[in-house]
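Q: Please take one strand of this model and look at it closely, then place it in the chain as a whole. I am new to this structure, so spell out the terms as you go.

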Amino acid sequence: MFLNILLAFRLLFVSPVNFPITLAGNFGEPRPHHFHGGIDVRTQMSEGKPIFSIGDGYVSRLTVGKYGFGNAVYVRHPNGTTCVYCHLKRFVPQLNRLVGKLQVRHQQAEKEYDVWLRPWQYPVSEGQLIAVSGDTGSSVAPHLHLEVHDTKTWAMLDPLDYLKDILQDNTPPQAHAFMAYPQEGEGVFNGSSKKQNFGFSSNHLNREFTAWGKVGFGLWANDYMEETYHHYGIRQTQLLVDDSLVFCSDVSSILPEHNLMVNSWGDYNHYRRNNVWYMKSFVDPGNRLSILQADENRGIVDFKEERDYHLVYVLTDAFGNQSTYSFTVKGRRQVIPAGKQHCAARLLKWGVPNSFQRPGVQLQVRQGLLPHDVELVPHASAGTKGLSDAWSFYDGSFPLLGWAELSLRVKSVPKDTTGICILGNDGREYDARLSDGWVTGRIRELGNTYEVGFRKKKH
C-alpha cells in the first residue's frame, strides 16, 4: 500500500522546462571523489529559459555561491523529497524581493548567501515558475542541474525515477571493455598476475581466456539516449558466473558522506592515467556503498576447477533498456606468483585505526578511511618554507575515504603564528592548529606532499 502511494507521488512530478528534455549528464556518473548528484537538463545552449517547480511544495532554501551551484532554489515536497535547481541566472522577482528582506535581517552579502524559508513564506504549485536558467557556479555551459534528495537523510536520489515518464529512451547501455584484476598472490589471468583489459568487439567474445585462483573483474560501459551524443553512467550492472549472480550495482540512491567511495568502486588510478572509468564488479573490503551488492566472496571469482566458466554482464538503464555481454574463461591449473612481502611498520590495515610515526611527523588514520590495506611509502624532504620538513606517504595518488589527521613538527615556533596552516603541493591550504611545537591538520590524499606554511593574504 505504502509503495503504491509513493509511486503515485512520483507520477505527479512534471517537467522543469517547457520544451522536450534531453540530458547532458545523468545521476550517479562517476567523477573523481564524487558521484554526479543529479541530472543535467540541456537548455538549448542558452540562458534565460523558464524553470518550473516539478511538484507542489514550498521554497525551503535559496543559495548563491555555495557548493558550485551558483544561484540555486530548493523546493521541499510533501512526498519526503527536496529538489534543488542549480546554475540559475536569477530567481523570479517575488523570490528576489523576499531574499532582499532576509539578507538585510541576517546581514548576508549579496554575492554569497544562504537563506532558509518557512513553509508559509513561499509555497509553490506544480508547474509554477520559480527561476530562469543560467550558467552560474561551476558550470561549463548553460544548463539546469536538477537534484532530488530524501529530505530526512539528504540521500541523493535518481531524478529519473521521478521524471522518466516525460523522457523517451529506447537505447540500451553499451559495454566497451572489461578489466581482469588477479588478486595479489592469489590468482592469474591469461598467464599474468597483472591487471589486463580486453575490448568488446561484440556482445559475445569468442576468444579464449584462462585463469586460475582468485580474479576480480571490472567494466567500462556507458549509457546512451536518443537525440544526443552524450554518454551517461550505468544505472544497474550485474555480473553472473554460470548463471549465479556474484555482483550487482544499482545507482539509485547515494548518501553524500559516501561520495568519496566512488574512488574505491572505480579504478581510480586507471582513470587518472586514461580518463576512463572501469567500475569494479567486486567490492573492496572497506567500501560501504549500499548500492553495491556481492556474494560471500565480495564478487571475486575463484577459478579453482579445470573447466569452462561462463561470465555474463547484464546492463540496464533507468528506462528498463537492457544489454548483455558474455565471455568464457577456462580454468587452467598454473603457478600463481607469490605476493609482495609487506613491511608491517608501514602497513595500514583497512578495518582498524592506524598510526604512523617518524621523527617530525605523525599520521593518524581512523577506522573507516581505507578501502583496503595499503603499504605506505613515506618520503621526507626539506620544506620549501623552512618551517618543517615536507612529507608524502605514497607513490602516486591514494585518496582516503575521509579526513585523516596529520601532525608536523616545526623547526622553530614563529613569533607570529597568524594564518599558520599545512600546505599541500596540490595548492591547497589546510586548516591547522599549533600546539607544543606541532602543527596539526586534516588531509585525505596520501600521495600529496605536505609542509607547514602560512595562508596567502587576501587582497
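A: Helices and strands here are DSSP runs, numbered from the N terminus: a helix is H or I over at least four residues, a strand is E over at least two. The model is predicted, and for that reason local features need pLDDT of at least 70 and side-chain atom pairs count only at pLDDT 80 or more, whereas totals for chains, interfaces and linings use all residues. Residues are numbered from 1 along each chain as its sequence is written, and side-chain values use heavy atoms, with hydrogens and water left out.

The part chosen is strand 6, residues 57–64. Eight of its eight residues are buried, so strand 6 is largely enclosed by the rest of the structure. Buried means under 20% relative accessible area, exposed means over 50%, and partly exposed lies in between, with a 1.4 Å probe and protein chains only.

Strand 6 has several pairing partners to follow, where two strands pair if DSSP finds at least two bridges between them. With strand 7 (residues 71–76), strand 6 runs antiparallel, joined by six bridges. Leu 62 has Val 73 as its bridge partner in strand 7. These two strands form a hairpin with six residues between them, and in the turn Gly 65 has a positive phi of about 80°. Strand 9 (residues 113–116) also pairs with strand 6 in the antiparallel sense, over four bridges. There, Leu 62 stands opposite Val 115. Strand 10 (residues 123–124) is antiparallel to strand 6 as well, with two bridges between them, and Gly 57 stands opposite Val 124.

Earlier in the sequence is the loop between strand 4 (39–42) and strand 5 (50–52), which holds Gln 44. Most residues other than glycine have a negative phi. Gln 44, not a glycine, has a positive phi of about 60°, and Met 45, also not a glycine, has a positive phi of about 60°. Met 45 lies in that loop between strand 4 and strand 5 too. Gln 44 is partly exposed at a relative accessible area of 48%, while Met 45, at 62% relative accessibility, counts as exposed.

Another buried position is Val 329 in strand 25 (residues 322–331), with 0% relative accessibility. Its contacts (heavy atoms within 4.5 Å) beyond four places in sequence include Phe 189, Phe 209, Phe 303 and Tyr 309. Gln 238, for its part, sits in strand 18 (residues 236–241). Counting residues more than four places away in sequence, Gln 238 touches Val 312 and Cys 248, among others. The C-alpha atoms of Gln 238 and Val 312 are 8.0 Å apart, although 74 residues separate them along the chain.

As for the whole, the protein chain has five helices and 36 strands. Its radius of gyration is 25 Å, close to the 23 Å that the globule rule gives for 459 residues, so the chain is as compact as a globular protein of that length. That radius is taken over C-alpha atoms, and the rule is 2.2 Å times the number of residues to the power 0.38. Buried residues make up 51% of the 459 in the chain. Of the contacts between residues at least 6 apart in sequence, 68% join residues at least 24 apart.
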